[in-house]
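Here is a short report on one protein chain. Look at the model first, then follow the charged side chains through the text.

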Amino acid sequence: MDASRSAKPWCGNVLLANRRPLEIAAGIFVILAPLTFVGTPLPGALSRELRLLSVHTGGAGLPAAALLGVAFAVGWTPCVGPTLAAILTLSAGAGRPAVSVASASLLVAFGILLIAGQLVETTARLARYTGRQI
């Protein structure tokens with residue numbers, strides 16, 4: 001048996017094993033983020049910057065590059081779906097409070113569906129109307 005087939009995808013297994021807590025945490029974030037769009041102030045602890053790695057001019061090496069790639073992928077993933085649509089809607093309607101409130105409300109609804117564990121099912125139901133199946 002070759003080594004590539006015997007290696008277990010430990011990262012995927014860890015994510016799957018912790019899927020519900022991760023969905024709940026993501027749902028909370030998806031609910032809190034749009035509230036800032038409409039001007040709701042967040043507690044200071046949530047507004048602070050936290051750096052896990054110090055940036056210096058010398059090369060940090062391959063492990064740091066891999067970690068940065070993972071962080072970029074995790075940060076980018078939400079931006080290719082409803083979040084990107086909300087951001088584009090907000091930027092197109094800059095200066096119009098009704099658009100901001102409607103977009104924030106839609107994202108709060110997505111967050112609630114994510115916390116409730118119903119986002120995938122709801123998305124699959126809505127996909128039937130587009131002619132595409134998930």
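Helix α3 covers residues 19-37, and E23 lies in it. The model is predicted, so every value here is computed from a prediction.

**E23 and its surroundings**

Is E23 buried or exposed? Its relative accessibility is 15%. Buried means under 20% relative accessible area, so E23 counts as buried. Which residues does E23 touch, leaving out those up to four places away in sequence? They are L114, I115 and G117. E23 also has a partner within helix α3. The side chain of E23 makes a polar contact with the side chain of R20, at 2.5 Å.

**Salt bridges**

Side chains of opposite charge can pair when their charged atoms come close. How many salt bridges does a search of the whole structure find? The search finds three. The table lists them with their N to O distances.

| Pair | N to O distance | Helix | Separation in sequence |
|---|---|---|---|
| E23 and R19 | 3.0 Å | α3 | four residues |
| E23 and R20 | 2.5 Å | α3 | three residues |
| E121 and R125 | 2.8 Å | α8 | four residues |

Take E23 and R19. Both lie in helix α3, about one turn of the helix apart. The closest N and O atoms of this pair are 3.0 Å apart. R19 is partly exposed, with a relative accessible area of 42%, whereas E23 is buried at 15%.

Now take E23 and R20. These two also lie in helix α3, and three residues separate them, about one turn of the helix. Their closest N and O atoms are 2.5 Å apart. R20 counts as partly exposed, at 34% relative accessibility.

The pair E121 and R125 sits in helix α8, which spans residues 119-127. Why are E121 and R125 separated by about one helical turn? Because they are four residues apart in that helix. Their side chains meet in a salt bridge, with 2.8 Å from N to O. E121 is partly exposed, with a relative accessible area of 38%. R125 counts as partly exposed too, at 46% relative accessibility. Which residues do salt bridges with shared partners join into one network? They are R19, R20 and E23.

**A nonpolar patch**

Next comes the surface. F37, V38 and V101 form a nonpolar patch there. Together they have about 230 Å² of accessible area. V101 is placed in helix α7, which covers residues 97-116. How much of V101 is accessible? Its relative accessible area is 46%, so V101 is partly exposed. A residue needs over 30% relative accessible area to join a patch, and V101 has 46%.

**The whole chain**

Step back to the full chain. How many helices and strands are there? The chain has eight helices and zero strands. Read from the N terminus, its elements run α-α-α-α-α-α-α-α.

The chain has 134 residues, and buried residues make up 13% of them. E23, at 15% relative accessibility, is one of the buried residues. The accessible surface of the chain comes to about 10,600 Å². Carbon and sulfur atoms account for 69% of that surface.

Contacts tell of sequence distance as well. Take the contacts in the chain with a separation of 6 or more. Residues 24 or more positions apart account for 64% of them.

How values were computed
Residues are numbered from 1 along each chain as its sequence is written. This is a predicted model: local features need pLDDT of at least 70, side-chain atom pairs count only at pLDDT 80 or more; totals for chains, interfaces and linings use all residues. Side-chain values use heavy atoms; hydrogens and water are left out. Patches are made of residues with over 30% relative accessible area and no salt bridge: like charges are joined within 9 Å, nonpolar side chains (Val, Leu, Ile, Met, Phe, Trp, Tyr) within 5 Å. Accessible areas come from the Shrake-Rupley method with a 1.4 Å probe; for residues, only the protein chains shown count as cover. Buried means under 20% relative accessible area, exposed over 50%, partly exposed in between (1.4 Å probe, protein chains only). A polar contact is a pair of N or O atoms within 3.5 Å; within protein, one must be able to donate a hydrogen and the other to accept it, and residues adjacent in sequence count only if both atoms are side-chain atoms. Contact means heavy atoms within 4.5 Å.
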